[in-house]
Amino acid sequence: MMVEVIQGRIEEMEDKAIVVNLFKRVKRPGGATGAVDKALGGMIRDLIRGGDLKGKFKEAVLFRTFRKIPAERVLVVGLGEKEKFSLDRIREVSAKAARHLRDAGVDSYSTIVHGAGIGGFDLREASEALVEGALLGTYKFDRYKTELKEEEKRELRRMRVLVRDPADVGRVEEAIRWAEPVSVATNFVRDLVASPARDKTPTRLAEIAVEIAREAALKCTIIDREEAEKLNMGAFLGVAQGSDEPPKLIVLEYRGGKKGEKPIAVVGKGITFDSGGLSLKPAKSMEDMKEDMAGAAATIGILKAAAELKLPVNLIGFAPCTENLPSGKATKPGDVLKTHTGKTIEVRNTDAEGRLVLADALGYATGFEPQAIIDMATLTGACMVALGKKTTGMMGTSENLMERLKAAGKRTGDYVWPLPLFEDYEEQIKSDIADVKNTGGRYGGAITAALLLKKFVKDIPWVHLDIAGTVWTDGGAADLKREYLPKGATGIGVRLLLQLLRDWKQSP
Ligand code: BES
Ligand code: MN
Ligand code: ZN
């Protein structure tokens with residue numbers, strides 16, 4: 001969908017539909033909604049009086065104008081209680097409006113910026129939320145369907161954001177310049193995560209990364225099996241060993257910061273399918289394991305967006321990609337793997353493979369002397385038990401960076417919450433025969449996994465995000481429900497990290 005800003009009066013707009021809004025309990029709307037109501041001879045007030053329109057949050061009332069104004073239809077969306085209004089609610093309302101119009105067969109609409117007037121939000125921030133909501137909320141993953149119904153084929157073509165004051169055009173343009181690439185990158189990541197494992201092998205992901213690098217002027221290096229052997233990445237290779245698909249460690253570099261400024265490293269787990277390996281998962285637990293590369297997908301998406309947005313930072317992304325399968329060649333429980341840093345890991349359970357590939361990727365990343373490392377990984381079921389499916393688990397060595405991530409989470413809706421890394425848990429991952437073992441028992445599984453990662457980041461400020469719970473939504477009671485999160489992959493981490501990087505300050 002194309003998004004553009006236009007200066008004018010909403011009641012004078014000629015379009016398939018115009019969108020205005022209503023807070024709960026408002027009987028006589030003012031502002032843009034009032035102007036439309038007046039031009040329509042009081043139709044909106046009549047709807048309110050008749051009980052057909054209440055201003056309830058996410059309510060959507062669509063009606064024809066019968067040529068009383070140039071627009072063919074009016075959609076009034078409910079903003080709910082004024083006290084509960086937020087940027088996230090703007091995102092939701094915008095997503096709801098876009099979907100409602102699309103499903104009604106409208107392909108082009110003009111909207112005011114919800115929340116910028118009486119809502120009291122900054123015009124640029126509200127416009128960002130508006131654009132994000134519409135682009136994220138109308139996301140579909142239907143490329144594998146060959147029998148779409150006519151309604152399912154409907155697509156929005158254009159959204160026009162209307163401002164009355166010519167002086168406001170620039171602010172909205174700025175907002176679109178941010179929110180559009182960010183949303184497109186998020187949807188791109190959703191596509192990757194939703195794709196079947198057979199169509200996103202490590203080789204294919206590496207090709208995609210190379211393609212993106214060419215388009216976005218990033219530097220891309222693919223470390224293949226041979227190269228990984230030279231770099232002594234025994235843990236990464238140990239996971240890959242059971243698969244016929246060759247592993248690829250994707251490295252993407254973006255230089256938008258000052259010359260000589262240390263880069264920020266982003267590392268993402270890229271298990272394109274996690275069967276568990278010889279410690280095979282039960283069938284039910286394996287069903288969704290194509291999503292186990294969401295960290296890698298987010299890493300690629302973030303680098304792509306960073307280049308498009310020309311973020312003023314130096315960034316380097318690492319995505320260790322491999323399948324985790326059982327075979328006659330697979331790593332066995334009890335095997336000891338030697339990592340890039342020289343540290344050894346005893347594999348007690350081949351299903352705890354994420355920390356193995358990350359051990360090598362993190363260790364390798366430290367060699368680039370980054371000022372900070374942030375990793376994203378669908379790492380543990382234990383994190384889902386601890387925090388549920390609505391919040392990303394966060395652990396790390398930099399309180400400052402974690403605070404900033406928390407703030408970025410609040411701002412974007414990609415919520416994160418800390419779990420501790422107390423030394424007391426270390427005992428659980430002590431190995432009798434190697435430097436560390438890859439399982440820590442039933443209790444505190446998200447923490448013991450993170451403690452293993454910590455051994456590979458030296459003293460570089462580091463934060464680990466466990467996205468196992470937040471990577472996917474089925475729309476169930478346990479899933480995070482937002483109008484801009486359609487069923488499927490959420491694209492978790494993309495908006496969060498881009499928000500963090502947007503006003504990056506070196507952590508002390
Ligand atoms: N990829 C899984 C974690 C996961 C579970 C992600 C559910 C998304 C949804 C990970 O590789 C894994 O299997 N972890 C094990 C670790 C255990 C064997 C120590 C787990 O959490 O059970
Ligand atoms: Mn696993
Ligand atoms: Zn996994």
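Here are a few friendly notes on ligand 1 and the metal site in this predicted model.

1. Let's start with where ligand 1 is. Ligand 1 occupies the largest pocket. Its surroundings comprise 18 residues, and those that come nearest are Lys-281, Asp-292, Asp-351, Glu-353 and Gly-381. By type, the shell around ligand 1 has 8 charged residues, 5 polar and 5 nonpolar.

2. Next, the polar contacts of ligand 1. The side chain of Asp-292 places an N or O atom 2.9 Å from a nitrogen atom of the ligand. Oxygen atoms of ligand 1 take part too: one is 2.9 Å from a polar side-chain atom of Asp-274, and one is 3.2 Å from an N or O atom in the side chain of Lys-269. On its own, ligand 1 has 520 Å² of accessible area, of which the protein covers 79%.

3. Now to the zinc ion (ligand 3). Which protein residues supply its donors? They are Lys-269 through NZ, Asp-274 and Asp-292 through OD, and Glu-353 through OE, at 2.0 to 2.4 Å from the ion. Along the sequence, these donor residues follow the spacing K-x4-D-x17-D-x60-E.

4. The geometry is worth a look as well. The zinc ion (ligand 3) has 6 donor atoms, with angles of 79 to 174° among them, and its site is octahedral.

5. Finally, please check the neighbouring metal. The manganese ion (ligand 2) is 3.1 Å from the zinc ion (ligand 3), and Asp-274 coordinates both. Asp-274 also has the side-chain atom 2.9 Å from an oxygen atom of ligand 1.

Conventions: Residues are numbered from 1 along each chain as its sequence is written. Chains are lettered from A and ligands numbered from 1 in the order in which they are written. This is a predicted model: local features need pLDDT of at least 70, side-chain atom pairs count only at pLDDT 80 or more; totals for chains, interfaces and linings use all residues. Side-chain values use heavy atoms; hydrogens and water are left out. A residue is near a molecule or strand if one of its heavy atoms lies within 4 Å of it. A polar contact is a pair of N or O atoms within 3.5 Å; within protein, one must be able to donate a hydrogen and the other to accept it, and residues adjacent in sequence count only if both atoms are side-chain atoms. Accessible areas come from the Shrake-Rupley method with a 1.4 Å probe; for residues, only the protein chains shown count as cover. On a 1 Å grid over the protein atoms alone, a cavity is a set of points where a 1.4 Å probe fits but cannot get out, and a pocket is an open set with protein on both sides within 12 Å along at least five of seven lines; lining residues have an atom within 4 Å of a point. A molecule sits in a cavity or pocket if more than half of its atoms lie within 2 Å of its grid points. Ala, Val, Leu, Ile, Met, Phe, Trp, Tyr, Cys and Pro count as nonpolar, Asp, Glu, Lys and Arg as charged, and the others, Gly among them, as polar. Donors are N, O and S atoms within 2.8 Å of the metal (3.2 Å for Na, K and Ca); water is not among the atoms, so sites may look incomplete. Four donors count as tetrahedral if all angles lie between 85 and 135 degrees; four count as square planar and six as octahedral if opposite donors are over 155 degrees apart and all others between 65 and 115; anything else is irregular.
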